[in-house]
Amino acid sequence: MKKTLLFFFALMFSLGAALAQDRVISGKIVSREDGSGLPGVNVLVKGSTQGTVTDADGNFRITVPTNESTLVFSFIGYQTQEIAVGDRSVIDLQLESDVHQLAEVVVTAQGLERDQRSLGYSLQSVNGSAIQQRSEPNVLNSLQGKVAGVNIVGSSGAPGASTNINIRGVTSFNGSNQPLIVVDGIIFSNNTNLTTNSLFDSQTSNRLADINPDNIESINILKGPAASVLYGSRASAGAIVITTKSGKGKEGTQISLSSSYNAQTVYGLPKFQNEFGQGTNNDFVNTQVNSWGPAFDGSLTQVTTLQGDVVPYEAYPNNVVDLFNTGSIFQNTVSVTTGKGDNNMIFSVGNMQQKGIIPNSSFGRTNIQVGANSKLNNGLKIGGNLTYALTTQANAPAGNGGSAMGQLYRIPRSYDMVGRPFEDALGRGIYFSTTQNHPLWSTKYEVQESQVNRVFGNFNLGYDLTKWLSVTYRVTGDIYVDNRQNRQAIGSNRSATGNIIIDQVFRSEYNGDLIFTANKDNVFVEGLTVGGLLGWNMNQRYTYNPQFTSTNLTVPNFYDPSTATTYTYTSAQLIAKQRLLGYYGQASFNYNNYAFVEFTGRVDQSSTLPAGSNTYFYPSVNVSFVPTDAFGLESDILSYLKLKANYAKVGRDATPYQLNDVYVQGTFGNNSAQVNYPLAVNGGNVAGFAPNTRLGAPALTPEFVTSKEVGVNIGLFRNRFGIDFNYFNTVSSNQIFNVAVSNSSGYNTRTTNIGKMTNKGVELVVSATPVKVGEFKWDITANFTRIRNVVNEIAPGVTNAPITGNAFTGITPSIYVGQPYGVVVGAANARNNVDELLVNGTTGLFVPAVPNTVIASPQPHFLAGINNVFTYKNLSLSALVDTRQGGQIYSFSMADLRNTGMMKITGVDRDQPRILPGVIDNGDGTFRPNNIQISSQAYWQGLGGLASEGAVFDATVYRLREVVFSYNLPRTLLSKTPFTDIMIGVSGRNLWFFAPGYPGDPELNTQGAGNIQGFDLSGPPNVRNYGVNLKVTF
Amino acid sequence: MKMKKIYSCLTIVAMLVVATGCKDFLDINDSPNNPLEVSPAVLLSNGLGGTAFTDANELNKFASTVMSYLTGTAGQPAQYDIYNTTGADFGNQWNFELYDGALISYRHLIDRAVETNSPYYAGIGKIMMAYTFSLATDIWGDVPYSHALRGLDDTQPRVDKQEDIYKGNSSLGIQSLFDLTREGLADLNATSSALVPGADDLSYGGTIANWKRAGNTLLLKLAMTISKVDPTLATTVINEVIAGNNYIVDNAQNLRVAFGSAVGSQNPIHQYVNVTSFRDEMIVSTRYLNLLQGLNDPRLTLLVTSPGSKYTTLDNGYRGTLPTPSTTWSRWNTSITGVGGAGPVRLLTNAQRAFIMAEAATILPGVTLPAGKTANDYYQEGIKAHMAEVGVTAAAVTTYFADAANASRVTLSGTAANRQQQIITQKYISWTGNGLEAWNDWRRTGYPTLLPHQNAVGVDGTRPVRAVYTNNEISRNPNFQTGIFQNVRVWWDVD
């Protein structure tokens, strides 16, 4: 990206250079580092205004007046060279990168392009090439392990499953903690739209998945509030600014094609035992989920199934793994760019088809993009970009109990899952259980499908009012409709009479921004550059989500609601509309390019806050200072030193409709009996409404995040070694939260402003080039993130409260005073005061657990990643290793596998008695070690079931996340062909992992993107991808 | 275009957008998903549904197993059956059925009725509020009452003493349940009401005369409940109601809440007895079967199913192998569950009224029955009323009463205690399907005589005499006293 941008600037500066002279000199400028052609290098005849720039391959052609002329080759980021022409007609040159200038132009809030050195806050830039052709169709996943301060966790290996991202921790109790996503200025929805129960349904996509990674030019991650304050309330969780490719800065027409094919295999399942089969207490029972039956020692050779078939009694070592297919991901993108000067165009078409590892699961995406920019003769700049995306997804529902995945972790080791039929001729399931469904039956007859049609685009108008003042007006829109259908055939465990849910999510968002920018050099004093910005934003967000449920299907395997006999219309926040008006400004001061100060402020007016008090202001200030330049300190050891600091405060408004008390349609009951109004009684329908159990907040105010940050950038040894270190401390206050009230008040909760939460963290990025010999180079980039999050207070008298979302009773993701955000409150094993587990002196089992105790925290102690890139000539090999240290995962899957005796460890010495760890209370304040022997089955089951501390595991994991090998065909080979560049490569993801405290791969979160993290509630496992890549430009 | 033109163009565009009126632009925060105001009608129907669920859903499972009607075979009922109940139970009932369901609906109903000048709705609201609060206090003892249901004005309401709830306490500003009911009756005597109930009245379809009878019968129930701890007040109230002569005298006047047969509209008892996966958590108790068989009672076949013409029941607290398949189990019959769930939940009945009058005349010396009537008359009236209610034919009733073998069963005899035992035992049969009322009577009188369940645990092996405050409420409201277990009697439960 750097080169492209520089090319763009170079092009602009060189305009107006006159041509009409005597001698013609040509040549090619390459980078000394990697020998690649440098586009956009300024070639100037010294002492004149005459010059040109190199083309996309680094070639130039210039006419010089005399032999005495000297050519000046300059390029930002490289050392300027002067060459006397003499009598040469060809000048080929290698430019060496300029160690003094670490400068890189980055895209900051509101699309402002800035020099990295001027920023007093943190921003990490990821080049498009770092996320493309990486065996990964979801942009967020391909950022994993590459960015400091960012925590990215995918849901699972199910195709299209959502990915959660938090930048610098969680800052809101109840609001969205996902960063704002901005694509070419378009505020881009990354919602996951969980419209059904996330405990049981398939994992929907996060809508950033609608973006084609191949179209991305660069991603700039704006980390703290100081970086994102100009985006306003929406960016209080940080912002990810994505710039897509355009024809900008390119001369002529270029066609590029990228193609990749990946295979996908299931990965991260634990090891299973193959010594004992179906049954319990060493007896075979043909309806048991357990594998605590007799050993495969020849004493029992055949058994009778529930259906009466006599089958061999033996181990089926792969009966779990065999459920899964080898998936495939096929991605193709063609893009055409054309441009000249300020006029350029792009057209691109991309397609991705994924077949998932779970039978009948898939994910697909088609993108069509057109964009153009032009500068009219009158100086008016216009530009626009429009993308259509079609994303489809099909998945089986997951979750505890009645789902394919829920059953998969309860398959007896002697059950021939794939070898024997799972359905009869009429499609009725055959299984060892009468109430549950065979996993293969579920994957075939319980399907959740989604089809997203999305259009997003922008339109820009710009004009330079004077040399130092310009104005831009930008309108953006992002509209999608997600048509979902969830089908459960007749006979499904969860819906015995069959079920069709038609569920539609329509979302639209529009933004208008009017921005005046000013920039003037040498104001007041020599060397002081002053910049200013004034902006105005208008925003509307609208969501419409109707949902129809049709049950009691009358025709098997035909899914039209007309065949149902019962219909219900589920209403859950059907419509949500909110608007915002924002006024923002920025003043920046740059003294001699080594001292920078910037002030910003924004006023938001939100429709979701009370009319009289819906306006709120928040400021930020950031400073950056480069002592190496200011005091001339630079040396071969200390090449660059920058100090930065900032303070920022960002407000966040409420979600819509939090202020009023409303009435809701009546419903009564629990899982054993329930009625929903209107009641069909006495031959008519009787409506019933009740006051909503949540009390509105007539005096709600915005919540705030206040952030302080300091950092340092150091370049050592002529910038062969670089350090970027930041420390931040954010305080979230005035949280908008539904606080529990005494139910006898007639209500359950009230919405109010309460609480305080802090995040303290360090981010470290170290980059180094340890080896650089000839054409061989080894680059290392390492990043480290450690964030300490603490909920400091909730409300007076309230020590904990559940996080909004779906949860099982007694396994509650919570905020808890003194604990990190998102801890799981559940039943902890009872312990004495020296933390020894208490065991019942009669049974040898743990004494009853203590409810309402914190038993797990999903937040990792630290994250770290190391990326190594080896380049030799046209060969490049990169390998990314990362780790998540600490934090816990609450796993139904593993608790199930252990309780049912499937896991390998449960087969070890099964005939030997065991003793649970712990002590027995002597009743007199003393304790004796537990010495009560129990059976293996009692032991492993005694460690805890689903709703117990026994389901909590350490989530530490090390991973070889990504390996990419690529080869650029030498230009010499291509010179006779129409191709400019051909790159071929292979890549793989998740090639290896090691999790010391978890029997499988713990990097899962079945609850999907959102505030509830750290659960594997019987979800799909992870996947390993590997494949081949091809990229052709001509 | 010249620069100046463009500049002014852009400025105009900008000004236009800004000037569209920020106020209206942002004034969109009234929810389109939910009404901000509703009619009294929908609040009444919701309140009645809430009271019916409080009475007939989970708390009924609890009381019906504790009272040896049903035996718990699995899940929560199996716990109730051995007297186990904790603060983890009934949170949903307290919250969604009682306080945040029925009671808050009545609170809003009364307010809306006053606003719309509709005293009929206010009267019904007050009578139902009194009935529903009596459920709460009878189950939990001291509960929030006078300060409850105030929303933001009191998010941690005071807990009122049961004595004050029943009798009122002017120094604490507590209106008695009797006065609340009387106030409701007074509202119903208004000459007109702007809005009048109709189909939304799931009990009487808008017949105000029946609501008056229900109100007076409620006074009888409330008085009888406190008759042991305060016989004087009970006598006064009962005499007042008898003198007024406007109580339920016909099964058609029973206060019941109607349900339908469609999924989502069904009687809760039908759902947990016949429909949901929780249906196999209870079976009819052998003790109950023995009681009715011992009385040769013609109601048995109408109250209890006998798949394959055979009663399959289990003794309370039984912990052995369950009979299979569960389709053979004896369950409540359609006289309780309704056909397909289209049966009402019974709150106040004609039989109950008759038994109250019989018992009052037996144990309260000051009670004056209507001229020419005896306690025995009301005892027989109660039995006959319930027999008719469950569908015993008039001829069969006559036969039963004419059978000499039943003479001692349908005639009061012996000491006052003996007669009270007869009355309450028949009342117990008449409350089949409504465990809470039977539990109230048992706690107050000790009748019917119930033997301890097998394998009983509880706190001290004794049958629960109250429910424990829910954990939720204890954690949210410091006014609740902790450590009150299910073996602590409520105020009106005295020896």
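**Figure 1. The hairpin of β43(A) and β44(A).** In this predicted model, β43(A) is joined to strand β44 (residues 776-793) of chain A by 16 bridges, and the two strands run antiparallel. One pair to look for is A:Met757, whose bridge partner in β44(A) is A:Val791. Together β43(A) and β44(A) form a hairpin with two residues between them. If you check the backbone torsions in the turn, you will find A:Gly774 with a positive phi of about 55 degrees.

**Figure 2. Further partners of β43(A).** Strand β43 covers residues 749-773 of chain A, and 19 bridges join β42(A), residues 721-740, to it in an antiparallel arrangement. Here A:Phe721 has A:Ala768 as its bridge partner in β43(A). Strand β40 (residues 694-695) of chain A also pairs with β43(A), this time running parallel and through two bridges. In that pairing, A:Arg694 is matched with A:Thr749 of β43(A).

**Figure 3. An open sheet of five strands in chain A.** Follow the sheet across in the order β10-β15-β16-β13-β14 (chain A) and you will meet mixed pairing. Which strands stand at the edges? They are β10 (123-127) and β14 (186-188) of chain A; each has a single partner strand, so one side of each is left without a neighbour in the sheet. From one strand to the next, the twist averages 25 degrees. For a closer look at one edge, take strand β13 (residues 180-183) of chain A, which is joined to β14(A) by three bridges and runs antiparallel to it. Within this pair, A:Val183 stands opposite A:Ile186 of β14(A).

**Figure 4. Helices α7(B) and α10(B) packed side by side.** Two packed helices are described by the angle between their axes and the distance between the axes. For helix α7 (residues 119-140) and helix α10 (residues 208-225) of chain B, the axes come within 11 Å and cross at roughly 25 degrees. Angles under 35 degrees count as roughly parallel, and α7(B) and α10(B) are therefore roughly parallel to each other. Their crossing is left-handed. On the α7(B) side, the residues in contact include B:Tyr120, B:Ile124, B:Ile127 and B:Tyr131, while α10(B) brings, among them, B:Trp211, B:Leu218 and B:Leu222. Sorted by class, the contact of α7(B) with α10(B) holds 10 nonpolar, four polar and one charged residues.

**Figure 5. Chain B as a whole.** Stepping back from the helix pair, chain B has 22 helices and four strands. Its C-alpha atoms fill a box of roughly 115 × 55 × 45 Å along the principal axes. Chain B has 495 residues, and 55% of them count as buried. Take the contacts in chain B between residues at least 6 apart in sequence: 75% of these join residues at least 24 apart.

**Figure 6. Where chain B touches chain A.** This contact draws 74 residues from chain B and 66 residues from chain A. On the side of chain B that touches chain A, α1 (3-19), α2 (22-26), α3 (40-56), α6 (91-115), α12 (268-275) and α22 of chain B each supply at least two residues. Which helix gives the largest share of that side? It is α6(B), with 13 residues. By class, the residues on this side of chain B divide into 38 nonpolar, 25 polar and 11 charged.

**Figure 7. Backbone details worth a second look.** Most residues other than glycine have a negative phi, and most peptide bonds are trans. In chain B, a cis peptide bond joins B:Thr324 and B:Pro325, with omega about -15 degrees. You will find B:Pro325 in the loop between α14 (300-303) and α15 (334-337) of chain B. Another cis peptide bond joins B:Tyr447 and B:Pro448, where omega is about -5 degrees; B:Pro448 sits in the loop between α21 (435-445) and α22 (471-476) of chain B.

**Figure 8. Positive phi in two loops of chain A.** A:Asn281 is not a glycine, yet its phi is positive, near 50 degrees. This residue belongs to the loop between β17 (252-267) and β18 (302-304) of chain A. Is A:Asn281 buried or exposed? A:Asn281 counts as exposed because it has 12 C-beta neighbours inside 10 Å. A:Asp909, likewise not a glycine, has a positive phi of about 50 degrees and lies in the loop between α7 (892-899) and β53 (919-921) of chain A. With 10 other C-beta atoms within 10 Å, A:Asp909 is exposed.

Key:
Residues are numbered from 1 along each chain as its sequence is written. Chains are lettered from A and ligands numbered from 1 in the order in which they are written. This is a predicted model: local features need pLDDT of at least 70, side-chain atom pairs count only at pLDDT 80 or more; totals for chains, interfaces and linings use all residues. Axes are lines fitted to C-alpha atoms, for helices over the stretch in contact, and angles run from 0 to 180 degrees between N-to-C directions. Angles under 35 degrees count as roughly parallel, over 145 as roughly antiparallel, 65 to 115 as roughly perpendicular and the rest as oblique. A crossing is left-handed if the near helix is turned anticlockwise from the far one by less than a right angle, and right-handed if clockwise. Two residues are in contact if their C-beta atoms, placed from the backbone, lie within 7 Å. Ala, Val, Leu, Ile, Met, Phe, Trp, Tyr, Cys and Pro count as nonpolar, Asp, Glu, Lys and Arg as charged, and the others, Gly among them, as polar. A residue is buried if 20 or more other C-beta atoms lie within 10 Å of its own, exposed if 12 or fewer, and partly exposed in between; C-beta atoms are placed from the backbone. Two strands pair if DSSP finds at least two bridges between them.
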